[in-house]
Amino acid sequence: MSVARQSVHGQWSSRLMFIIAATGAAVGLGNIWKFPYIMGQNGGGAFVLLYLLCILLIGIPVLMAEVMIGRRGRQSPGWSVRTLAFEAHAHKNWQLAGWMGLVGGFLILTFYSVIAGWAFAYVGKSIQGAFVEQDAAAISQLFGSFTTDFSSLLLWTTVVIGLTCAVVAKGVQQGLEKAVRVLMPALYILLIGLAVYAGFTGEFSQALRFMFYPDFSKITMSGVLIALGHAFFTLSLASGVMITYGAYMPSKVSIARTSMWIALADTSVALIAGMVIYPIVFAQGLDAGQGPGLIFVTLPIAFGAMPGGVVVGTLFFIMLVFAAFTSTIAMIESVVAWLIESKGMRRLQACLLSGVVLWLMSLLTIASFAGSSWAQVQFNFLGKDVNNLFEILDHLTSDIMLPLGGLTIAIFAGWIMRQQATAEELNTSPLTYTIWRFSIRWFTPIAILLVFLNLTGILSL
Ligand code: TRP
């Protein structure tokens, strides 16, 4: 079967645009919200080291595999994998690897847009000086009452989804490219500016010691698993988007080199975010291991207590909005591309339909946070005690669909696709190719399997 050389949706205008857009998809709440707090909870430097190893040994090879599948298949994830399965004379059911990513990415988006809405709302709160000279109790109460208020959550989620659809409706070059071209450089400028500020006014050296001085006695098995799971989440793997974005990549560009750039850019945002957050947290004598509330509670306490905190806090949350937004547009693009290819819809129609379905499904998460009785449940769902619909979605996607999707992608790229096809598409040096192939065939599947079995409680390490 011949393989199309260009996607019907168009192409990124250059290699740099592909890197910026894919980095935009990768950099998000995972880098600025999740990474700093899981590092704080799992022993600082030792965790950072594990995470870097996971990115290098597993994240980059899987990223390369996904971009390669997208570029060779030139369609949305399910159809791309199907085309390549035909090319390899393999069973067409391998396409499930692609469909699972598409569905997983969309399900992630249903709760990701709600949390992105928190970031939008916190820009407003910061400008209004809501944190100024408030004590810890008042700020956690502010967070608590906001995140349980149905109508505020609904309002901000609607804003996120509306803006996301408006950008994606304009298409690859006029919409996605134009948005990331402005937002990504702005994000880096804000991030570096904040890091310089933290370097001058915060406990910078204490933060550096915390992040980069590994205390190996703090490494635990669950820390290893969390690091691996996060490597997948932060690079947006197994959720369709890297295949979708790969489909818009110009043919001649090196997949290995661009994947390394994306991973480097993503990791640097996570590390610099830590260098912004921890000096400020330590300077106020606050707790690093506080958990998910780190940037919505601990950090605002610090903003409220320090001089210039209104400006610094506002810039921080604007940066978070930019990071989250370049991820939401990526997530919905996969679904929009699929609707256009399969249902013959026009882009605008596809955006409206997916926006409405997304909005309706985000109600599941909103109702879970707001405590609506119909969203509360109490049972053991695939190895985890869940309390509401949001926890079901989170567990189903992050702990089950991402690892399983990553596993099938790795097996497909390493064992099912012909060696000649992957070598031709990756078109890289023999050494890089050999390392990639070894990792994707052996290292990645075994590591993912161990994590998966452990997380679901089938195996306990
Ligand atoms: N990588 C994103 C972050 O760090 C989260 C994410 C996971 C994502 N899967 C995705 C973003 C798919 C866009 C598309 O926040």
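This is a short chat about a ligand site and a strand hairpin in a predicted model.

Reader: Ground rules before I start?
Author: The model is predicted, so local features need pLDDT of at least 70, side-chain atom pairs count only at pLDDT 80 or more, and totals for chains, interfaces and linings use all residues. Residues are numbered from 1 along each chain as its sequence is written, and side-chain values use heavy atoms, with hydrogens and water left out.

Reader: How many residues surround the ligand?
Author: 14. Gly30, Tyr112, Phe233, Ser236 and Ser239 are the closest. A residue is near if one of its heavy atoms lies within 4 Å of the ligand.

Reader: Which side chain has an N or O atom 2.9 Å from a ligand nitrogen?
Author: Ser236. That is a polar contact, a pair of N or O atoms within 3.5 Å.

Reader: And backbone atoms?
Author: A backbone N or O atom of Gly30 sits 2.8 Å from a ligand oxygen. For Ala26, a backbone N or O atom is 2.9 Å from a ligand nitrogen.

Reader: How much of the ligand's accessible area does the protein cover?
Author: 100% of the 360 Å² that the ligand has on its own. Areas use the Shrake-Rupley method with a 1.4 Å probe.

Reader: Which element gives the largest share of the shell?
Author: Helix α2, with three residues. Helices are DSSP runs (H or I, at least four residues) and strands are E runs of at least two.

Reader: Polar or nonpolar shell?
Author: Seven residues are nonpolar, seven polar and none charged. Gly counts as polar there.

Reader: New topic. How do β1 and β2 pair?
Author: Antiparallel, over four bridges. Pairing takes at least two DSSP bridges. β1 covers residues 376-381 and β2 covers 384-388.

Reader: What stands opposite Phe381?
Author: Lys384 in β2. Gln376 stands opposite Asn388.

Reader: And the turn?
Author: Two residues lie between the strands, and Leu382 takes a positive phi near 45°.

Definitions and conventions:
A polar contact is a pair of N or O atoms within 3.5 Å; within protein, one must be able to donate a hydrogen and the other to accept it, and residues adjacent in sequence count only if both atoms are side-chain atoms.
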